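Here are my notes on the model you sent. Please read them with the structure open beside you, and go through the points in order.

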Amino acid sequence: MIETFRVQNFKALRDVTLNLTPIHLLIGPNDSGKTSLLQALATLARSAERPLDRLFRGAWEKSCPLYASRTSFPVEFNVRFIDVQKSLIQYDLRIRPSLDSRDARVASEEVQTSGGTCPLKNEPLQPKASQLQRFLHGGVNSDFDLLPDYAKSLAADSLQRLGQVLNGVQICQWNASNLAIPATASKDADPYLIDDDGFGLNRCLLDLLASSRDVFLAIEHDLCQLVPQVVGLDFRSTRAYEARDVDGGATRALIERSGKALRFKFRDPPLELDAAEVSAGLLLLLGFLTVVRLPTRPRLILVEEPENGIHPGRLSQIIDLFRAVQVRSPQTQIVITSHSPYIVSLFQPEEVTLCRKNAEGHVEVRRLSESKLVQQQSDIFSLGEIWPAEEEAIFAESSEQPTVTETQP
């Protein structure tokens with residue numbers, strides 16, 4: 001479970017530290033850094049799964065997501081977490097991307113535990129993937145030969161524990177139109193993960209129907225319980241699409257294939273509709289129900305604005321779903337962004353972080369539990385009422401309080 005996440009030189013995140021709870025909410029105005037924080041968390045998690053040049057979509061030359069394109073500083077990630085053995089571990093990764101290509105290099109990598117600090121040295125010819133990624137996915141680990149003997153066992157044990165926390169992330173920045181596209185199997189796609197933009201929902205459900213039918217039936221049952229007009233899910237043969245990364249991962253192409261389209265069965269009037277014909281809210285709800293039921297549940301679930309397309313009356317059901325999965329799987333952590341006062345009112349002050357940009361254009365964050373205003377008013381008003389009225393005052397408080405330096409493990 002991630003307790004503290006620090007990121008430097010990523011988009012507008014010049015130097016930001018998040019203190020996270022098992023389920024955590026990021027709020028604030030538009031362009032206040034909420035999405036950038038989700039992307040930074042995803043980037044760190046994916047560095048445990050992918051080579052560095054596959055961490056980001058888009059052409060770096062036109063819209064590089066990193067501060068390092070404009071300064072001499074590398075992008076830096078620092079994460080502190082409690083593992084399943086209740087041990088505190090800290091991991092530091094510094095990445096230096098190229099300005100004129102999708103290339104990226106490991107500048108430095110280090111892991112700290114109660115047993116000591118271990119710099120994870122990388123050979124010059126293998127800097128395009130972190131030591132963590134190569135260790136977890138069976139790559140060459142001759143870099144271990146660069147470590148002193150006492151550090152080798154410490155590094156191997158720590159990297160294994162890091163993988164248990166970081167290896168597996170699901171981003172839900174979904175577009176309902178993409179959720180509705182009939183998707184077919186791809187050699188590059190994890191069948192149990194829906195793409196960041198929503199593509200691949202029916203591919204995931206088809207795979208569950210074939211390999212984990214009980215999970216598929218549980219998802220179908222959950223949907224019918226929440227939306228009584230729906231009585232079941234089905235599929236019909238049609239043309240479908242396979243997604244392939246092109247231009248070195250800068251863009252994605254859809255290749256036409258034969259496949260199946262997801263269909264919804266309705267009670268009154270009795271009819272069946274393709275996913276492309278149902279409401280955005282119904283597709284989003286099915287997507288969330290699918291993610292929280294996956295047999296290989298992601299360690300980190302990152303959700304952007306679940307209120308988009310969802311009726312306010314159903315928002316509490318969505319949050320209840322996320323809380324239930326966190327209880328069933330305590331090592332799964334969920335971070336959500338929102339503009340909805342309804343959602344904010346469903347959280348405790350320590351579970352909510354307020355974001356904004358300062359006069360220099362850098363992101364600042366403040367947890368609501370640290371605010372005296374919130375403490376004073378929470379007995380009378382809900383958080384969803386306090387936040388919009390006191391947003392500026394909450395940050396004004398923070399400038400009056402001394403900075404606390406955190407101790408290292």
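**Notes on the model**

1. Begin with a proline. Pro269 sits in the loop that runs between strand 10 (251–266) and strand 11 (271–274). The peptide bond joining Asp268 and Pro269 is cis, with omega at about 0°. Bear in mind that this is a predicted model.

2. Now the chain as a whole. It contains 12 helices and 15 strands. Of its 409 residues, 51% count as buried. Take the contacts between residues at least 6 apart in sequence: 64% of these join residues at least 24 apart.

3. Two residues have backbone angles to check. Asn9 is not a glycine, yet its phi is positive, about 65°. Asn9 belongs to strand 1 (residues 2–10). Its relative accessibility is 2%, under the 20% cut-off, so Asn9 counts as buried. Asp31, also a residue other than glycine, has a positive phi near 60°. Asp31 is in the loop between strand 3 (23–27) and helix 1 (34–46). Is Asp31 buried or exposed? With a relative accessible area of 60%, Asp31 is exposed.

4. The next points concern helix packing. Two packed helices are described by the angle between their axes and the distance between the axes. Take helix 6 (residues 201–211) and helix 8 (residues 280–293): their axes come within 11 Å and cross at roughly 45°. That angle makes helix 6 oblique to helix 8. The crossing of these two helices is left-handed. On the helix 6 side, Leu201, Cys204, Leu205 and Leu208 take part, and they meet Leu283, Leu286, Gly287 and Thr290 of helix 8. Sorted by class, this contact has six nonpolar residues, two polar and no charged ones.

5. Helix 7 (residues 213–226) also packs on helix 8, with axes that come within 10 Å and cross at roughly 140°. Why is this pair called oblique? Angles over 145 degrees count as roughly antiparallel, and 65 to 115 as roughly perpendicular; roughly 140° fits neither range, so helix 7 and helix 8 are oblique to each other. The crossing of helix 7 with helix 8 is right-handed. Val215, Ala218, Ile219, Asp222, Leu223 and Leu226 of helix 7 meet a set of helix 8 residues, namely Leu282, Leu285, Leu286, Leu289, Thr290 and Arg293. By class, the residues of this contact are nine nonpolar, one polar and two charged.

6. Between helix 6 and helix 7 there is a loop, and Ser212 is in that loop. Its relative accessible area is 12%, so Ser212 is buried. Which residues does Ser212 touch, leaving aside neighbours within four places in sequence? They are Tyr192, Asp207 and Pro295.

7. Helix 8 has a further partner in helix 9 (residues 312–328): the two axes come within 10 Å and cross at roughly 10°. The cut-off for roughly parallel is under 35 degrees, so helix 8 is roughly parallel to helix 9. Helix 8 contributes Leu285, Phe288, Leu289 and Val292 to the contact, and helix 9 contributes Arg314, Ile318, Leu321, Phe322, Val325 and Arg328. Eight of the contact residues are nonpolar, none is polar and two are charged.

8. The largest nonpolar core has 62 residues, and those touching the most other members are Leu205, Leu208, Leu223, Phe264, Leu286, Phe322 and Ile336. Helix 8 supplies the largest share of this core, nine residues. Leu286 is worth following by eye. Not counting residues up to four places away in sequence, Leu286 touches Leu201, Leu205, Ile219, Leu223, Leu233, Leu262 and Phe264. There is also a second, separate core of 47 residues, with Ile2, Leu20, Ala42 and Leu44 among them.

9. Last, look at Phe395 in helix 12 (residues 383–398). Phe395 counts as buried because its relative accessibility is 2%. Phe395 and Leu354 are 41 residues apart along the chain, and their C-alpha atoms are separated by 8.6 Å. Apart from neighbours within four places in sequence, the contacts of Phe395 are Leu354, Cys355, Arg356, Glu364, Val365 and Arg366.

Conventions. Residues are numbered from 1 along each chain as its sequence is written. This is a predicted model: local features need pLDDT of at least 70, side-chain atom pairs count only at pLDDT 80 or more; totals for chains, interfaces and linings use all residues. Side-chain values use heavy atoms; hydrogens and water are left out. Axes are lines fitted to C-alpha atoms, for helices over the stretch in contact, and angles run from 0 to 180 degrees between N-to-C directions. Helices (H or I, at least four residues) and strands (E, at least two) are DSSP runs, numbered from the N terminus. A crossing is left-handed if the near helix is turned anticlockwise from the far one by less than a right angle, and right-handed if clockwise. Contact means heavy atoms within 4.5 Å. Ala, Val, Leu, Ile, Met, Phe, Trp, Tyr, Cys and Pro count as nonpolar, Asp, Glu, Lys and Arg as charged, and the others, Gly among them, as polar. A nonpolar core is a set of buried Ala, Val, Leu, Ile, Met, Phe, Trp, Tyr and Cys residues joined through side-chain atoms within 4.5 Å. Buried means under 20% relative accessible area, exposed over 50%, partly exposed in between (1.4 Å probe, protein chains only).
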